[in-house]
Structure formats: C-alpha cells, structure tokens
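Me: Got a minute to go through this one with me? I'd like to start with a single helix and work outwards.

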Amino acid sequence: MDLFPAVDPIPLPAPVWLFKVLHSATLALHFTAVHLLVGGLAMAAFWALVGRMRGDEARLNASGALAYRLPVAMAYVINLGVPPLLFAQVLYGRALYTSSVIIGLYWISVVFLVIAAYFVLYMMAKRAENGVAYGWLGLIALAIVLKVAVIYTNNMTLMLRPDAWIEMYRNNPVGGQLNGDDPTVLPRWLFMMIGSLGVAGVGLILLGMKTRLPASATLLLRRRGGLALAAFTLLQVALAWRVLAAQPESVRTALAGHAFYRLVALLWLATAVLLVALGLFAAVRAAKRSWLSATLCGAAAFVNILLMVLFRDGIRDMALLQFGYDVWAREINTNWAIVMLFLALFVGAAGLVAWMAAVTARAKGVDETYA
Ligand code: HEM
C-alpha cells in the first residue's frame, strides 16, 4: 500500500537539484536567525536577571544591547523561514502536509505563538531602553520560542514516519497531538537549541565589536561569546551523536553507505572543532578587538550550519526512501524563462538585503547604555 497521499498531477516547474540548492541555502539562513534569536534571548534574560540582582552594569548593558536587537532577529527568523517552507512543500508536500494535518492544532498555534513572542520581545526592548526590569519577560519569550521549536521538530520528524500516520489520525483527527513516541524528537530539538547558545556566542562576539557600548559590556560580550561558542559547540557535537544514534538502523546504514553524506558529516565535525578553537581563542584574546577573529567565527559558524542542513536533508531523504518516497523521481517540466526570472529576482532581493545589512552595519549610531 502506498502510504503517501496521491502526487500532485502538475509536474515540478524546475529541476529537483535547483529546489534543493535554494531550500538548503535559505534554510541555513533561517537556522542562523533561529540560533541568534534563541541563544541571544537566553543570554539577554539571564544577564538581565543576574545583572539586576548584583547591580552589575556590564551585564545590564550587554543584556540591554541584546534585548534591543531581538525584535530584528525575530523578523529575520520569520522572513527567512518562509522560503524554505515553500521549497520543502514543493519537494516533500505529500509528507509535510500530512504530518502538518496530524498535529494540526499545534501547527496552527505557531502563528499565535510567534505573534505573542514578537509582542513580548518588543516589550523587552522598550523596557531595556527605559532601564526597567525585563528579565522575567525574557523568560516568557524564551518559553514561547522554545515551544515553537518543539512544534517544528515534531512536524519535521513526523513527516518521516508515514507508517505512523493513519493510526495517529484515527486516534486524534482534530490534530491535538505531537510526534510523542518518536525517539528522534528530543535529541534533535536539543541539538538545535544547544547549538543556538553556541551560534549566539558568535553574535555576542560581533556585538562586542561595537564601540558605542560601554567598554566593560563589550569586553564581557567578547569573552562570554567566545566561551559560549566553544562550550556549546562541544556539547552540540555530543548531541549530534545522539541524533544519529536515535535514527532507525536502516537510515543510519543508508547514510553511512553514501559517500556524499559521509563527507558532509566529516566536514561538519571539522568545522565544529574549528569553532571550538576559534571560540577559545576569542575568549582568551577578548581584551583585543579583532575583526579578523570575529569574521572567521561568523564564516565558520555559517558553513557549519549549512553542512548540518545538508546532512539533515540526507536523514530526510534516506528515511523517506525506506518507504518508497524518492524525491529525485518527480516528474519535471522546466519552464526556463520563469526559472531565470525567479533567479534574477531572488539574487536581486538577496543583494538588497545584503546592502541593507551593510548600511545598518556602517551606521554611526548613538552611544548605548541600559544600566
Ligand atoms: C520563533 C520562531 C521559530 C523558531 C524558534 C523556529 C525553529 C525551528 C527549528 C528548531 C527547526 C528545525 C526543526 C527540526 O528539523 O528539528 C525549524 C525548521 C523550520 N522552520 Fe522554523 N522556527 C521559527 C519560525 C518559523 C517560521 C515563522 C517559519 C516559516 C514561516 C519557519 C520555517 C521553518 C522551516 C521551513 C523549517 C524546516 C524546513 C525543512 O525541514 O525543510 N520557522 N524551525
């Protein structure tokens, strides 16, 4: 019996490899933003609470600088989440739509949770600007954002279990359930969330390069950023092992037998080791502002995320293949004129965003204090 809903009779309008490239590139950007948001929010809340308790100006200033930027990070999370969602639906719609329906109530709640988190982040930023306590608001926003991540992980893992769908749908047709009994869910969620604390370390190092913040705060940002990058990347490597061990044996064997995914895993590990070394270096040399070190951390972190996205894609393809779903076997009818127009607009839009980011980075700004 075919476990998947009937295929859409309209062929794909572009080759599978092109959708895959676009999906991986945009998903790596989404994950970068997610990591900066989750990790940055955790650090901002922690420093706001500790800083206020101890009357520590450096922590309060560092936390305020983070809180002030979190609504922007959230905007990037959402906007950079839309493109990979569209590409994933094109490639894996028969699996992804089905799992989305099975956890429907939770899935639809993401919209409201994201709005709520956004609202709380704006409140935090406002209170940080006015020097009013906001650590508790940070904890609320963090709880909401972590819940959104739980729902995403549940959907992205349930889409890989077509053998569980019918039973789950019969048991709860209104979608009030998650992918609870799947052993891959918890390690996968932890992998992403702990990874967030590491990648946010890079964000802290970069924020610590600002000269408009008090020197004590920027030193704290650079030092703690380096330490977070090293410590949490190390922890993430251990969790990567857990994620792999939790996969069904057939998926592990298929990945191990695939030269491309073996190479990707190896490169991911190499970049993780490099990040640990770069993080330690940044922490030890925190007293010196080094754009070279900060840029290297940023570049290595992005390559590391991109490699993780590729390997994660391998887990999905191998898992679905076990049930007869071959993403490469779709009927294709490429309309090159439309593809070219799309690519031109895509590159143009990416260029505009890069220009906007460059203008923001070059902006002189004003002196920032939050204590
Ligand atoms: C606070 C908000 C958000 C958080 C914390 C978050 C977090 C995550 C996490 C942790 C994953 C990985 C799940 C896994 O595979 O284990 C994920 C995947 C994804 N997220 Fe987000 N997300 C957020 C908002 C959004 C929004 C608003 C969109 C789209 C409009 C989006 C689109 C996606 C897509 C498309 C994927 C995976 C695609 C794929 O596997 O092909 N996310 N997100």
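Me: How many residues does helix H12 have, and how far does it reach?
Reply: H12 covers residues 336–362, so to speak: 27 residues, reaching 38 Å from its first C-alpha to its last. That is close to the 39 Å expected at 1.5 Å a residue, where the expected span is 1.5 Å times one less than the number of residues. Bear in mind that this is a predicted model, where local features need pLDDT of at least 70, side-chain atom pairs count only at pLDDT 80 or more, and totals for chains, interfaces and linings use all residues. Residues are numbered from 1 along each chain as its sequence is written.

Me: Is H12 covered or in the open?
Reply: Largely in the open, because the number of buried residues among its 27 is 0. Buried means 20 or more other C-beta atoms within 10 Å of a residue's own, exposed means 12 or fewer, and partly exposed is in between, with C-beta atoms placed from the backbone.

Me: And H7, covered or open?
Reply: Mostly covered, with 17 of its 23 residues buried. H7 reaches 33 Å from first C-alpha to last, close to the 33 Å expected.

Me: OK, zooming out. What's the secondary structure of the chain?
Reply: It comes to 12 helices and 0 strands. Helices (H or I, at least four residues) and strands (E, at least two) are DSSP runs, numbered from the N terminus.

Me: What are the spans of the C-alpha trace along its principal axes?
Reply: About 65 × 40 × 40 Å. The radius of gyration is 21 Å, which agrees with the value near 21 Å for a compact globule of 371 residues; it is taken over C-alpha atoms, and the globule rule is 2.2 Å times the number of residues to the power 0.38. Buried residues make up 40% of the chain.

Me: Now the ligand. Which residues come nearest?
Reply: Gly 81, Leu 85, Ala 88, Thr 153 and Met 156, out of 21 around the ligand. Being near means a C-beta atom, placed from the backbone, within 6 Å of the molecule. Elements giving two or more residues to that shell include H1 (16–54), H3 (82–102) and H7 (185–207).

Me: Which helix gives the largest share of the shell?
Reply: H5, with 6 residues.

Me: What classes of residue are in the shell?
Reply: 17 nonpolar, 3 polar and 1 charged. Ala, Val, Leu, Ile, Met, Phe, Trp, Tyr, Cys and Pro count as nonpolar, Asp, Glu, Lys and Arg as charged, and the others, Gly among them, as polar.

Me: How many residues are in the largest nonpolar core?
Reply: 101, and Leu 37, Leu 70 and Cys 297 are among those with the most contacts inside it. H1 gives the largest share, 17 residues. Such a core is a set of buried Ala, Val, Leu, Ile, Met, Phe, Trp, Tyr and Cys residues joined through C-beta atoms within 7 Å.

Me: What is Leu 70 in contact with?
Reply: Beyond its neighbours within four places in sequence, its contacts include Leu 37, Ala 44 and Met 124. A contact is two C-beta atoms, placed from the backbone, within 7 Å.

Me: Last one: Ser 99, buried or exposed?
Reply: Ser 99 is buried, with 24 other C-beta atoms within 10 Å. Ser 99 sits in H3 and, leaving aside neighbours within four places, is in contact with Asn 155, Leu 158 and Met 159.
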